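Hi,

Here is the structure I promised to pass on. Have a look through it, then read my notes underneath.

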Amino acid sequence: PQLEKNIKILTIWAEDNDNGMLLNKICEDYQKNVNPNFTWEYEMVASDNLQQKIATLAASNDLPDMFFLNPYAQVQQFAATDRIVDLSEEGFATKIYDSVKDACSYDGKIYAYPMAVEMLGVYYNQELFEKAGITEVPKTFSQMKEVCEKLQASGITPFAATYKETWTLNHLFSCLQGAAVGDYESWVADMNAGKGSFRNDNSSLEFEFMDMMKENSGGNYMDADSTSGFNAFASGEAAMIVTGEFSLLNAQSINPDLQVGLFGVPLTENEEDAKLDVDVGICIAVNQNTPHLDAVREVLNYLSDNTDENGWMHYSADSMGAAPPAMDFTMSTEYQYFEDYKNYMSNNQTKPWVYSQLESGAGDMIGPVIQGYFAGTTDMDTTLDQLDSKFSELLE
């Protein structure tokens, strides 16, 4: 039967409106090939405001039929409070990688659909590296400093800045903190139990790395938001950017010949520590009180169809900057950064996004505190004290 339902989805708004164009394309395809009587109504919210928007809607019991949640803690929180549907019996549950199930599960059951697997690290312009005489990617902090020196000597700005927005600093700090603490699983467990600290034996290395970025991000770096930073990297104004693959979504329209590689953030002098941060970036959950559960299931089946060459995954996963799905999928992508990602995966040189595993709401406090350090309003000790105190308040 052709369901005549109006499904409401709350999603993230991208400043360049790429998400909006993608969703429009998907809606057209869905109505043409799946259900002509279907209406897919979506509201887009800026990424920095998404969690506050969800909290407000949850408090007023006005959540949409489907909505984005952060993996791990936030999915667990909504599942524990009986706000989202148990999706363990849906078709996608048997398709997704075992390695991503923890990100969308609670009490042994799957409560959300992992949209994609995303990769955080240092993306670099291969042509600019070659111009500066850099023949190998850095695997240690001292090698990273040498790379910056060579780029500066060649008149090239090393890093594209994105520090005006706090979510980008969540990602950066997660990469640094995960490497600094080493045993991140024990650290996350201690933090969420209220007996851990952001301060660790390698904290000074984290702040030294951030200092290096500040020194090599050009002038007025605090004025640069994610869009300007992504565009600066794509246009060749800067050689590197610490971010995820999503930063490349507009790259080909800006520079069709851009050649991009990827390496893990090198925090220490141990090459083994320079891992790539790979994890589920966002999940889709279903409102426990939706009156359109059958229609929502139809949407989930569409989103998780990894055999349709013209479906969701074709639009969302088969281009530069696209995040690969959390299940097997044949992709035509042949970019160097994606080859680098596959090498890190095959060599087991990855770690999760540790901030996502902290108590729900941690991402809302980490970014702003780190932003204060980048802006020069706090020093290392003050920053770490603020992180600990604000996280303690969050737990309370």
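Below are some notes on cysteines and on one pair of helices.

First, the background: this is a predicted model, where local features need pLDDT of at least 70, side-chain atom pairs count only at pLDDT 80 or more, and totals for chains, interfaces and linings use all residues. Residues are numbered from 1 along each chain as its sequence is written, and side-chain values use heavy atoms, with hydrogens and water left out.

Now the cysteines. The structure has 0 disulfides (a disulfide being a pair of cysteine sulfur atoms within 2.5 Å). Why is C175 not in one? Its closest cysteine sulfur belongs to C148 and sits 16 Å away, which is too far for a bond. C283 is in no disulfide either, and there the nearest cysteine sulfur, in C104, is 5.4 Å away. C175 is buried, at 1% relative accessible area, and C283 is buried too, at 0% (buried means under 20% relative accessible area, with a 1.4 Å probe and protein chains only).

On to the helices, which are DSSP runs (H or I) of at least four residues, numbered from the N terminus. Helix α15 (residues 362-375) packs with helix α16 (residues 380-395) at about 165°, their axes 10 Å apart. That makes the two roughly antiparallel (the term for angles over 145 degrees). Residues in contact (heavy atoms within 4.5 Å) include M365, I366 and V369 of α15 and L387, K390 and F391 of α16. By class, this contact has 10 nonpolar, 2 polar and 1 charged residues.

Cheers

Methods:
Buried means under 20% relative accessible area, exposed over 50%, partly exposed in between (1.4 Å probe, protein chains only). Axes are lines fitted to C-alpha atoms, for helices over the stretch in contact, and angles run from 0 to 180 degrees between N-to-C directions. Angles under 35 degrees count as roughly parallel, over 145 as roughly antiparallel, 65 to 115 as roughly perpendicular and the rest as oblique. Ala, Val, Leu, Ile, Met, Phe, Trp, Tyr, Cys and Pro count as nonpolar, Asp, Glu, Lys and Arg as charged, and the others, Gly among them, as polar.
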